[in-house]
Amino acid sequence: MKNAEVFGEKNTNRRDLEDETTNGRWGGDKRRGGGVRDRRHVRFDQNSSCSCRNCDGTPSLWRIVCFDVENCSSPTSTMDVFNRNINFDALFKFSHISASTQQHLKKVYASFALCMFLAAAGAYLNVVTQLVQFGLLTGLGALGLMIWLMATPHSRETEEKRLAILAGFALLTGVNLGPLLEMCIAINPSIIPTAFLGTAVIFSCFSLSALFAKRRAYLYLGGVLFSGLFLMLLFSLINIFLGSTWLFTANLYIGLMVMCGFVLFDTQLIIEKAENGDKDYIWHCVDLFLDFVNIFRELMVILGMNENKKKKEK
């Protein structure tokens with residue numbers, strides 16, 4: 001097969017070549033007035049690389065047309081995008097966060113993973129084995145451990161003690177989720193994995209957004225988020241007397257949005273505290289753990305309500 005055909009050769013149909021190579025438009029560099037300047041160098045290549053001067057020599061898998069003799073600036077110049085080298089390590093480099101803070105964040109998320117495991121164990125003890133009940137007492141116990149943890153100063157001497165308190169807090173938090181989990185199982189067991197997966201996706205996305213954003217970019221949300229918490233409390237108190245389903249549902253969705261915002265706010269606040277010397281990774285882990293648990297609660301209740309509506313409609 002020929003590597004090149006010149007427009008001036010015999011048995012060459014100019015209209016066919018024009019339609020095939022330029023989609024019905026007569027080629028040329030429009031910046032230079034359009035049209036082909038030198039037909040002897042206009043060719044079309046099917047198998048080999050372009051032979052015009054100053055070409056990069058990249059082999060072409062598709063038929064190309066060279067229009068400019070000097071620069072070989074074809075609008076359909078070849079580019080093998082699949083051979084580009086992509087540095088995936090650069091995706092996880094946070095140049096705006098110091099190395100010490102990055103090490104601190106690793107400890108925070110390692111403690112967070114431990115809390116998630118213990119909370120799952122506590123939920124299993126409550127729902128499956130029925131060994132631990134008393135939802136109100138476990139809730140009060142978790143609150144007491146959190147206050148104890150907050151009152152214990154962070155130091156090397158108290159680190160093991162505070163980790164033990166954190167473990168007990170996470171375990172009792174999981175146990176306290178038992179009644180809500182049992183309600184979801186009674187409605188539809190698929191609600192729990194769906195809510196957990198949704199919570200994991202939401203938490204991961206908002207955490208990465210906070211980590212990749214500039215420092216202090218989302219700290220302004222603090223006032224708005226705490227105002228949202230106050231409104232949620234106010235609506236809950238009002239709804240005790242009204243008993244409105246609409247107000248309860250609105251409060252759920254507001255709570256979900258507020259908790260998503262707290263993931264952004266708390267992550268950047270942890271970074272800022274660590275940059276200023278606060279290396280209490282145990283308490284910082286509590287902030288993120290509570291955000292995750294609250295999003296999980298909101299999603300379970302919302303999915304449970306929607307599933308009940310579907311059953312009633314049937």
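Helices here are DSSP runs of at least four residues, numbered from the N terminus. Keep in mind that you're working with a predicted model.

**Exercise 1. Find Leu149 and work out whether it is buried or exposed.**

Step 1: Start with the address. Leu149 sits in helix H3, which covers residues 135-151.

Step 2: Check the accessibility. Buried means under 20% relative accessible area. Leu149 comes in at 1%, so it counts as buried.

Step 3: See who is around it. Skip the neighbours within four places in sequence, and Leu149 is in contact with Arg162, Ile165, Leu166, Ile282, Trp283 and Val286.

Step 4: Pick one of those partners, Val286, and compare sequence with space. Leu149 and Val286 are 137 residues apart along the chain, yet their C-alpha atoms are separated by 9.6 Å.

**Exercise 2. Do the same for His284: which helix holds it, and what does it touch?**

Step 1: Look along helix H9, and you'll find His284 there. That helix spans residues 281-313.

Step 2: The relative accessible area of His284 is 1%, so this residue is buried.

Step 3: Leave out residues up to four places away in sequence. His284 then touches His104, Val108, Ile270, Lys273 and Asp278.

**Exercise 3. Place Ser190 and say how exposed it is.**

Step 1: Go to the loop between H5 and H6, where Ser190 lies.

Step 2: Partly exposed is the band between under 20% and over 50%. Ser190 has 36% relative accessibility, so it belongs in that band.

Step 3: Now look for a side-chain partner. The side chains of Ser190 and Asn188 are joined by a polar contact of 3.0 Å.

Step 4: Try a longer jump along the chain. Leu303 is 113 residues from Ser190 in sequence, with 9.8 Å between the two C-alpha atoms.

**Exercise 4. Describe the largest pocket: how much space does it hold, and what lines it?**

Step 1: Take the volume. The largest pocket holds about 310 Å³ of space.

Step 2: List the lining. There are 16 residues, and the closest to the pocket's centre are Ala119, Ala120, Ala123, Leu181 and Phe296.

Step 3: Trace the lining back to helices. H2 (99-129), H5 (178-187), H6 (191-212) and H9 (281-313) each supply at least two residues. H2 gives the most, with 7 residues.

Step 4: Sort the lining by class. You get 16 nonpolar residues, no polar ones and no charged ones.

Notes
Residues numbered from 1 in each chain as written. Predicted model: local features only at pLDDT ≥ 70, side-chain atom pairs only at ≥ 80, totals over all residues. Heavy atoms only, no water. 1 Å grid on protein atoms, 1.4 Å probe; cavity = no way out; pocket = protein on both sides within 12 Å on 5 of 7 lines; lining within 4 Å. Points joined across faces, edges and corners; volume = space filled by probe spheres on them. Nonpolar A, V, L, I, M, F, W, Y, C, P; charged D, E, K, R; others polar. Buried < 20%, exposed > 50% of the residue type's maximum accessible area, 1.4 Å probe, protein only. Contact = heavy atoms within 4.5 Å. Polar contact = N/O pair within 3.5 Å; in protein donor to acceptor, adjacent residues only side chain to side chain.
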